[in-house]
Amino acid sequence: MNKYVFITGATAGFGEACARIFAQNGYPLIITGRRAERLESLKDELTNEYNIDVIVLTFDVRDQKEVSDAINSLEDSVLGQIHTLINNAGLAVGRGPIQNGVLDDWERMIDTNVKGLLFVTRKIAPILINNGGGHIINVASIAGKEVYPGGNVYCASKHAVDALSRAMRIDMVEHRIKVTNIAPGAAETEFSIVRFKGDKDTAKSVYDGYEPLRAEDIAEVIFFAATRPAHVTLNDIVIMPTAQASSMVIHKE
Ligand code: NDP
Ligand code: 8X3
């Protein structure tokens, strides 16, 4: 019997695409995010189409109490069946030199990408241990491997995720818990709309002249990583559009 997959940031982009591919393959889901309407409509769609259990938890990963209360609200029978955590919720806000940085943007990125991921992990990791094993999949970024102009705090937050993936692997290994770090390059989701604060033209221009990754490309890789045999772990996966060689080198035609 398939066990529950707990996905943060399932209202859009990679998280939503993950929900769909796991649902298609018969996995029960716990889908989370702040936009409740999107979660409810995704739940309706996936429940009707695939006849799986879908539980919606609406919370802001930055709020430790909301995270804790939401996870505590799950029934013991569900808690005992959680196997996979996909730490995906995250964002970039703004892009510019450090000396012009907007403190509120910095706080949003650090609070979401680092502290939010930690708050969720702190609640779910003991549950996985209690369940005898599991898998934590952290969505970092190529920005967690490289830095680029104007990326300072976002890159730092994703370097932190990359470091946490390596550290978690050491802490979790004796508990039969796999830890996979996912590091995508440019993917067209709502990411750039959020980064450029609703400026859709600037967001669109990020992907001009080449074919970016799609959310489904990332979800397929996450699903593959999550479904390897028990003795196999994919530790660290960098996924780029074919046109992208590094953060700053994108071949545009
Ligand atoms: P989207 O903007 O499409 O989706 C982001 C998701 O994160 C949404 O579901 C959003 O839900 C959720 N989220 C954001 N802030 C919070 C919060 N405070 N509390 C709870 N949920 C939150 O972006 P992507 O799918 O592209 O991004 C997913 C992850 O992938 C992020 O960590 C991002 O940094 C990373 N990434 C993205 C790349 C790209 O090029 N797109 C490349 C490399 C990594 P809601 O707003 O409803 O709360
Ligand atoms: C998102 C990809 O290159 O904009 O993490 O940082 S990038």
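**Figure 1. Polar contacts of ligand 1 in the predicted model.** In this close-up, a nitrogen atom of ligand 1 lies 3.0 Å from a backbone N or O atom of Val61, in a model that is predicted. A second backbone contact involves Phe14, one of whose backbone N or O atoms is found 2.8 Å from an oxygen atom of ligand 1. A side chain takes part as well, since the view also includes Thr189, which places a side-chain N or O atom 2.6 Å from an oxygen atom of ligand 1. Considered by itself, ligand 1 would expose 890 Å², and the protein buries 96% of that area.

**Figure 2. The residue shell around ligand 1.** The shell comprises 29 residues, and those that come nearest to the ligand are Thr11, Arg34, Asp60, Tyr154 and Thr189. Two elements each give two or more residues to this shell, namely helix 1 (13–24) and helix 6 (152–172). Sorted by class, the shell around ligand 1 contains 13 nonpolar, 10 polar and 6 charged residues.

**Figure 3. Ligand 2 and its surroundings.** The residues around ligand 2 are Ser141, Ile142, Ala143, Tyr148, Tyr154, Phe191 and Arg195, and by class they comprise 5 nonpolar, 1 polar and 1 charged. Three side chains of this shell are shown with their contacts to oxygen atoms of the ligand. For Ser141, a side-chain N or O atom is 2.5 Å from an oxygen atom of ligand 2, and for Tyr154 the corresponding distance from a side-chain N or O atom to an oxygen atom of the ligand is 2.5 Å. Tyr148 contributes a polar side-chain atom that lies 2.6 Å from an oxygen atom of ligand 2. Of the 240 Å² of accessible area that ligand 2 has on its own, 83% is covered by the protein.

**Figure 4. The largest pocket, with both ligands in place.** Ligand 1 occupies the largest pocket, and the space taken by ligand 2 is likewise the largest pocket. The volume of this pocket is about 1,200 Å³, and its lining is made up of 49 residues, with Ala92, Tyr154, Thr189, Phe191 and Ser192 lying nearest its centre. Tyr154, named here, is also one of the residues that come nearest to ligand 1, and it belongs to the surroundings of ligand 2. At least two lining residues come from each of helix 1, strand 2 (29–33), helix 5 (103–130), helix 6 and helix 7 (191–195), and helix 7 gives the most, with 4 residues. Divided by class, the lining of the largest pocket holds 24 nonpolar, 15 polar and 10 charged residues.

**Figure 5. The second largest pocket.** This view is centred on a pocket with a volume of about 340 Å³, the second largest in the model. Its lining consists of 19 residues, among which Gly134, Arg176, Ile177, Lys178 and Ala230 lie nearest the centre. Strand 5 (134–139) and strand 6 (177–184) are the elements that give two or more residues to this lining, and the largest share, 3 residues, comes from strand 6. In terms of residue class, the lining of the second largest pocket is composed of 7 nonpolar, 8 polar and 4 charged residues.

Definitions and conventions: Residues are numbered from 1 along each chain as its sequence is written. Chains are lettered from A and ligands numbered from 1 in the order in which they are written. This is a predicted model: local features need pLDDT of at least 70, side-chain atom pairs count only at pLDDT 80 or more; totals for chains, interfaces and linings use all residues. Side-chain values use heavy atoms; hydrogens and water are left out. A residue is near a molecule or strand if one of its heavy atoms lies within 4 Å of it. A polar contact is a pair of N or O atoms within 3.5 Å; within protein, one must be able to donate a hydrogen and the other to accept it, and residues adjacent in sequence count only if both atoms are side-chain atoms. Accessible areas come from the Shrake-Rupley method with a 1.4 Å probe; for residues, only the protein chains shown count as cover. On a 1 Å grid over the protein atoms alone, a cavity is a set of points where a 1.4 Å probe fits but cannot get out, and a pocket is an open set with protein on both sides within 12 Å along at least five of seven lines; lining residues have an atom within 4 Å of a point. A molecule sits in a cavity or pocket if more than half of its atoms lie within 2 Å of its grid points. Ala, Val, Leu, Ile, Met, Phe, Trp, Tyr, Cys and Pro count as nonpolar, Asp, Glu, Lys and Arg as charged, and the others, Gly among them, as polar. Grid points are joined across faces, edges and corners, and a volume is the space filled by probe spheres set on the points.
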